[in-house]
Amino acid sequence: PYPVRGEVQGRFGMERPEGGTWRGIVLRAAEGVRVGAVAPGRVVYAGWLSGFGNLLILDHGEQYLTVYAYNQSLLKEVGDVVAAGEAIATVGATGGQVEPGLYFEIRHGGKPVNPLLWLGG
C-alpha cells in the first residue's frame, strides 16, 4: 500500500529545484493525515534530521529500508515493530517545506530504488 494517498510530486530520478536528483517521491497530502508503513518492519531511526524534518526509517529485512520524512509528528520509536498499514507518523511540513506532504524513499543495499515500481504506481 501507499504510505499516504496524495498527488505525486518530485518523482524519483528527476532534477530537484535546489540541485541534485530525487531519490524518492513526495506525496502531497493534508497536514495531520496518518502515514502508514508500506510493509512490516522495525523502526531504526525516529527523530529530526536537517532537510528532512521529523524522519522515520523502517528496516524490512533483506537490506530493504523505507524512509518517511517531513512528518508533523512521529508515532513510533526506535525498536518498535510495525505491521503493514500501521500508523507510524502524521503528514507535516517540517524540514523547511512550504506545503505539507510526505517524502518517501525506498533503499535496497543502501541504494535508492524507484518507489513507484515497488508500490505499483
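User: In this predicted model, in what order do the three strands of the open sheet stand?
Analyst: Three strands make up an open sheet, and their pairing is antiparallel. Across the sheet, the order is S3-S9-S7.

User: Which strands stand at the edges of that sheet, and why?
Analyst: An edge strand here has a single partner strand, so one side of it is left without a neighbour in the sheet. This applies to residues 34-36 and to residues 73-74. The edge strands are therefore S3 and S7.

User: How many bridges pair S3 with S9, and which residue in S9 stands opposite Val35?
Analyst: Strand S9 covers residues 87-90 and pairs with S3 in the antiparallel sense. The number of bridges between S3 and S9 is three. Opposite Val35, the residue in S9 is Ala89.

User: Is strand S5 mostly covered or mostly uncovered, and how many of its residues are buried?
Analyst: Strand S5 spans residues 53-61 and is mostly covered. Buried means under 20% relative accessible area. By that cut-off, the buried residues of S5 number seven of nine.

User: How many bridges join S4 to S5, and what is the bridge partner of Val43?
Analyst: Strand S4, residues 41-49, runs antiparallel to S5. The two are joined by seven bridges. Val43 has its bridge partner in S5, and that partner is Leu58.

User: Which residue takes a positive phi in the hairpin of S4 and S5?
Analyst: This hairpin has three residues between the strands. The positive phi is near 85 degrees, and the residue that takes it is Gly51.

User: How many bridges join S5 to S6, and which residue in S6 stands opposite Asp59?
Analyst: S5 and strand S6, residues 64-71, run antiparallel. Six bridges join them. Opposite Asp59, the residue in S6 is Leu65.

User: What phi does Glu62 take in the hairpin of S5 and S6?
Analyst: Two residues lie between the strands of this hairpin. Glu62 takes a positive phi, with a value near 50 degrees.

User: What pattern do the helix and strands follow along the sequence?
Analyst: The protein contains one helix and eleven strands. Read along the sequence, the pattern is β-β-β-β-β-β-β-β-β-β-β-α.

User: What is the radius of gyration, and why does it agree with a compact globule?
Analyst: The C-alpha atoms fill a box of roughly 35 × 30 × 25 Å along the principal axes. A compact globule of 121 residues would have a radius of gyration near 14 Å, so the protein's value agrees with that. The radius of gyration of the protein is 13 Å.

Definitions and conventions
Residues are numbered from 1 along each chain as its sequence is written. This is a predicted model: local features need pLDDT of at least 70, side-chain atom pairs count only at pLDDT 80 or more; totals for chains, interfaces and linings use all residues. Side-chain values use heavy atoms; hydrogens and water are left out. Helices (H or I, at least four residues) and strands (E, at least two) are DSSP runs, numbered from the N terminus. The radius of gyration is taken over C-alpha atoms; the globule rule is 2.2 Å times the number of residues to the power 0.38. Two strands pair if DSSP finds at least two bridges between them. Buried means under 20% relative accessible area, exposed over 50%, partly exposed in between (1.4 Å probe, protein chains only).
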